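This report looks at how a protein and its bound ligand fit together, and then turns to contacts between charged side chains. Please keep the sequence and the structure in view while reading.

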Amino acid sequence: MKVVDSLKESRFVVTRLTPSQVGALGVIGILGDDAELILDAHFDAYSKSSIQSLDIGSIVAGDWHHTMVTCPVASGRREDTARQIHEKPECVVLVKTGTTRWEIHVHGGQAVIASLLGTFVSGGAIEISWGEWFACNGSNYRSTFIREQLAQTDGFFVAQILTRQLAGGFERDIQQIQEVLFHSQKSLDKFKLAQTVINRLEYSARVGMRLAKPWHVILLGPVNAGKSSLLNALAGYSRSIVSPHAGTTRDVLETRLVLNGWAVDLIDTAGFHSMNDSRQSPKIIEKEGIERALGAAQSADLILKVRPINELNKEWFSMERVGEDYPPYIDVGTKADLFDSKQFREKSCSDDSVVTSARTGQGLDELVKVIIETLVPEVKEQAECFFGGVPITPEDLDIVRDLHQQLEIYSRDL
Ligand SMILES: Nc1nc2c(ncn2[C@@H]2O[C@H](COP(=O)(O)OP(=O)(O)OP(=O)(O)O)[C@@H](O)[C@H]2O)c(=O)[nH]1
Ligand SMILES: [Mg+2]
């Protein structure tokens, strides 16, 4: 049933506004005329104020009296829950956010949130998703989309960009350009200002259009090069199996990391056997692993071409195997603790190679820096492009392109 229909029929809805995992805080939203009745029956304000006396914007702390509490069992389905009598009241904060709209803030335990939701549902409310909640509270598609993305994002850079969009950064930029375009008197200075804004919006769009998607960085290299060890060192825990046996990793293994504030999926792969070495020809299972590695590399944003530093010069693998249009790559030397890195670096094929040791941590910060600068050069070149509006949907980009065209027409008569 659509939200609007639910509202028409019951005039009473409830939702969980915080993620459905355990968190420090849980917030539920309630909308409807009947909310007051239930709040009256379960909530006692410490200030003794009655529910009816509260104005919009009031924030009151008090006790929430459960008549029952529901405890989710392993399956996580509310129907499968056991009921317990809960004697102790819960300390909650009640916020009146509209004439018939409320929020209850409580600690983030799952049982207490389930109990609160259950109380309202038993009182006739329909439980809806938080996306539906924002839609039925007059939030437009764009801000609902931003909130959805915010709930999913891992990196603080992306969270910062999205929060600025939620605060109207994009709309303000668009308005500024429109004011120039539709002002009766044309002005070169104003045109230049609008052009700066449109250039900034277009520049930030590449990153804005893929905010929700973490960057994919893949480790490719010969067997035993130290790919899995490098992944573990960057992740800070033992995610991938490491062993002295060549061919330990057989499959593609993805790990979500946050590197310098950006969400990155780092992908470990099966190692290649060196070219022209028939003694080392891979077994069928290893071949399959290598095919998977090449397949994953085609759609990656960045390849880390990993080799021990004493083999940086060795041509063990041609990038064309990934495809004609292969992604950018960084040469990464490993096991620097075993060799005289200076000597090998001088001989190395690329000045840009980053020398690392998973054992000592050498070069890891530098590697993270180079990875992020390659993935998001905008941050180094023009970080301020993310401080204001950023186009984050195809519709945003259409608006920006359209205004760009209009600005060009405007400039002809100047
Ligand atoms: N001294 C030293 N040894 C390392 C370093 N990195 C990896 N090794 C060792 O090199 C061997 C291979 O490491 P892995 O990380 O499993 O190498 P891999 O590239 O994932 O190997 P495959 O999965 O077989 O392709 C292991 O014995 C590691 O302990 C390093 O920085 N220093
Ligand atoms: Mg491995």
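## Polar contacts with the ligand

In this predicted model, a backbone N or O atom of Thr-248 lies 2.8 Å from an oxygen atom of ligand 1, and a backbone N or O atom of Ser-243 is found 3.3 Å from an oxygen atom of that ligand. A side chain takes part as well, since an N or O atom in the side chain of Arg-359 is 3.2 Å from a nitrogen atom of ligand 1. Taken alone, ligand 1 would expose 640 Å², and the protein buries 91% of that area.

## The surroundings of the ligand

Which pocket does ligand 1 occupy? The space that ligand 1 takes up is the largest pocket, and 23 residues surround the ligand, the closest being Lys-227, Ser-229, Gly-247, Thr-248 and Asp-337. Sorted by character, the residues of this shell comprise eleven that are polar, eight that are nonpolar and four that are charged.

## Salt bridges

Across the whole structure, a search finds twelve salt bridges. One of them joins Arg-256 to Asp-154, with their closest N and O atoms 2.7 Å apart. Arg-256 belongs to strand 11 (residues 253-259), whereas Asp-154 lies in the loop between helix 5 (141-152) and helix 6 (156-166), so this pair ties together parts of the protein that are 102 residues apart in sequence.

Notes: Residues numbered from 1 in each chain as written. Chains lettered and ligands numbered in written order. Predicted model: local features only at pLDDT ≥ 70, side-chain atom pairs only at ≥ 80, totals over all residues. Heavy atoms only, no water. Near = heavy atom within 4 Å. Polar contact = N/O pair within 3.5 Å; in protein donor to acceptor, adjacent residues only side chain to side chain. Areas by Shrake-Rupley, 256 points an atom, 1.4 Å probe, with all protein chains shown as cover. 1 Å grid on protein atoms, 1.4 Å probe; cavity = no way out; pocket = protein on both sides within 12 Å on 5 of 7 lines; lining within 4 Å. Sits in = over half its atoms within 2 Å of the grid points. Nonpolar A, V, L, I, M, F, W, Y, C, P; charged D, E, K, R; others polar. Salt bridge = Lys/Arg side-chain N within 4 Å of Asp/Glu carboxyl O. Helix = DSSP H or I, 4+ residues; strand = E, 2+ residues; numbered from the N terminus.
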